[in-house]
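Student: I have a new model on my screen and would like to talk it through with you. Shall we take it step by step?

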Amino acid sequence: MIKLVKVTKKYQDITALRNFSLEIPKGVLLVLLGPSGCGKSTVIKLINTLIKPTSGEIFVNNQNIREMNLTNLRRGMGYAIQSTGLFPHYNVYENIAVVPRLLKWNKADIDHRVDYLLDLVSLNRNYKKKLPSELSGGEGQRVGVARALAADPPILLMDEPFGSLDPQNRERLQREFDKIQKQLKKTVLFVTHDVEEAIRLADKIAVMKPGELVSLGSPSDFIAEDEQEYIKDFLGTDYALKLLSRFIVEEVMSQENSEGKEPTKVFRITKKSTVSTALSVMISKGVKSLEVTNGEEKRIGFITFEDILMGIFTGEKK
Amino acid sequence: MKKRNKPFLTVTILLFILFLVSIFKFDIIEKLLVLAIKPKNFFVARESLFELAKVHISIVAVSSFLSVIIAVTIAVLTRFPFMDEFEGFLLGVATFGQTIPTVAILALLVPFLGYGFKPALFALFIYGILPVLRNTIEGFNATSEGVRESAKSMGMNRLQIITKVELPLAFPAILAGIRISLILNISVATIGAAVGLSGFGTLIVNGLRSDDMIMILKGAIPVSLLALTVESLFMSMEKRFRLT
């Protein structure tokens with residue numbers, strides 16, 4: 001869907017990107033992960049044609065973007081950034097309606113779409129008349145995401161869209177966005193320097209160091225031992241622990257208690273909890289297995305330390 | 001947002017009423033002044049205060065209207081890439097030009113344009129451009145990079161970005177520029193009497209010549225009230241359009 005081939009971008013004598021190649025297949029959420037100033041945002045701006053490559057080619061839907069109409073290309077991509085970029089003089093409704101209006105949708109369709117999007121990003125519909133200055137950070141970011149989705153573009157470009165939020169709000173928005181993405185299956189390029197954010201959202205992670213791509217794989221691929229020093233340093237020695245928050249109990253549990261014997265004391269956890277929560281409960285209660293419930297009181301299986309190991313190493317989400 | 005500018009509007013209306021009183025019922029004020037100042041009455045004004053007000057206001061209105069149109073047009077042109085190099089230059093000219101005293105400009109223009117209505121109007125027009133130009137350019141520059149970037153990224157073209165984003169956001173700054181320009185022109189038009197411009201300044205100049213304090217005040221009081229009314233009106237409008 002999106003393909004960069006040997007792209008180089010130079011600003012005067014600084015090289016922001018060197019021979020950078022990357023492919024994002026349709027329906028995949030690829031997280032571009034790297035430290036500040038490594039050229040992540042440059043990649044996103046190149047695809048959106050906000051800047052032009054010094055050399056190399058970029059393809060969207062197998063079409064070279066040099067040969068495409070820039071405004072049409074841009075209107076086909078949702079774009080969300082850290083500062084939200086919401087127009088301060090437009091209310092929430094008008095901000096979301098920008099691209100549909102540029103595309104000359106009729107009023108009824110826009111009304112309908114705005115309502116749908118507000119529901120999707122969990123904002124009350126009576127927020128429509130509010131100005132961005134009247135929104136909290138989290139609400140602003142939600143509107144930013146809704147605006148990016150406004151004309152139902154097949155591609156989303158997101159440049160640290162939750163970057164300015166406090167950890168709790170950020171995690172909530174990540175979870176909600178993950179849900180939205182599972183439902184909509186957009187082709188997403190998501191830029192961040194936050195390893196946990198990458199783990200939570202990514203189908204594929206591309207790790208960058210200044211100017212170049214160093215590794216590409218699914219989040220589980222990065223626990224392998226033979227990774228380069230740079231990647232280890234950047235992902236952190238507790239990467240495996242962080243990875244636990246990517247999975248939910250339901251995905252790794254088994255029907256039978258692999259511990260074999262019935263434990264003396266029984267502790268329970270709901271199937272929708274993250275695996276990291278499950279491990280945390282095990283450690284704090286001093287047990288090696290937990291009963292999994294379906295949210296009510298019904299037992300639907302067990303989770304043990306073995307299950308967790310298995311789940312992570314078999315890789316992709318079930 | 002509407003609540004906040006109520007006090008300003010009330011003040012504006014009050015000032016405007018006082019201004020009207022000072023033009024139409026100056027005899028009331030005169031009776032009060034006579035208590036403190038000895039009248040001379042050597043010179044009797046040929047034109048009524050209302051006539052002078054009409055001339056004064058129309059000179060300011062016409063020159064400022066033209067100034068605003070030219071200034072905003074030039075400022076909008078600086079948003080296009082081919083004008084990039086001129087923007088700093090224009091901003092410099094606008095800022096530097098404002099530091100030159102008005103009287104000096106008027107005096108300098110006399111040898112070229114002569115005395116009278118048209119040259120003075122021209123001077124006012126040129127002078128009125130500067131604050132509007134400067135404020136508009138600075139208003140444009142104050143638009144956050146994120147806002148401009150997202151406008152572009154959503155597929156707005158240059159003209160749409162200017163008309164839908166940059167101009168509305170710069171509007172309070174433009175209003176402030178118009179306010180400064182109007183106030184400036186009201187006072188310059190007063191001084192303009194020295195180079196043959198009619199208006200409240202006529203009374204002040206004649207009053208000074210004949211050492212008639214009451215005549216000076218007859219020109220000074222209405223013109224001050226006019227300036228205050230305009231200032232307060234624009235302040236309330238700026239408040240109305242400011243977003244934060």
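Student: In chain B, what share of the contacts with a separation of 6 or more comes from residues 24 or more positions apart?

Tutor: Keep in mind that this is a predicted model. Chain B is built from ten helices and zero strands. Taking its contacts with a separation of 6 or more, the part due to residues 24 or more positions apart is 81%.

Student: What percentage of the residues in chain B is buried?

Tutor: Happy to go on with chain B, whose C-alpha atoms fill a box of roughly 70 × 50 × 25 Å along the principal axes. Its accessible surface is about 12500 Å², with 73% of that belonging to carbon and sulfur atoms. A residue counts as buried when its relative accessible area is under 20%. Of the 244 residues in chain B, the buried portion is 48%.

Student: How far apart are the mean positions of the positive and negative charges of chain B?

Tutor: Chain B carries 23 positive and 15 negative charges. Take the mean position of each set, and the distance between the two is 8 Å.

Student: Now to chain A. Which strands are the edge strands of the open sheet with the order E11-E12-E13?

Tutor: This sheet of chain A has three strands and mixed pairing. An edge strand pairs on one side only, which applies to residues 268–270 and to residues 299–304 of chain A. Those stretches are strands E11 and E13.

Student: How many bridges join strand E12 of chain A to E13(A)?

Tutor: Strands of a sheet pair through backbone hydrogen bonds, either parallel or antiparallel. Strand E12 of chain A, residues 289–293, runs antiparallel to E13(A). In this pair, A:Val292 stands opposite A:Gly301. The number of bridges joining the two strands is five.

Student: Which helix lies across E11, E12 and E13 of chain A?

Tutor: Within the sheet, neighbouring strands are turned by 35° against each other on average, direction ignored. The helix across these strands spans residues 275–285 of chain A and runs at about 130° to E12(A). That helix is H12.

Student: One last residue: is A:Thr84 buried or exposed?

Tutor: A:Thr84 sits in the loop between strand E6 (77–81) and helix H3 (92–96) of chain A. Leaving aside residues up to four places away in sequence, A:Thr84 touches A:Gly140, A:Gln141 and A:Arg147. Because its relative accessibility is 16%, and the cut-off is under 20%, A:Thr84 counts as buried.

Methods. Residues are numbered from 1 along each chain as its sequence is written. Chains are lettered from A and ligands numbered from 1 in the order in which they are written. This is a predicted model: local features need pLDDT of at least 70, side-chain atom pairs count only at pLDDT 80 or more; totals for chains, interfaces and linings use all residues. Side-chain values use heavy atoms; hydrogens and water are left out. Two strands pair if DSSP finds at least two bridges between them. Helices (H or I, at least four residues) and strands (E, at least two) are DSSP runs, numbered from the N terminus. Axes are lines fitted to C-alpha atoms, for helices over the stretch in contact, and angles run from 0 to 180 degrees between N-to-C directions. Contact means heavy atoms within 4.5 Å. Buried means under 20% relative accessible area, exposed over 50%, partly exposed in between (1.4 Å probe, protein chains only). Accessible areas come from the Shrake-Rupley method with a 1.4 Å probe; for residues, only the protein chains shown count as cover. Lys and Arg count as positive and Asp and Glu as negative; His and the chain ends are not counted. The place of a charge is taken as NZ of Lys, CZ of Arg, CG of Asp or CD of Glu.
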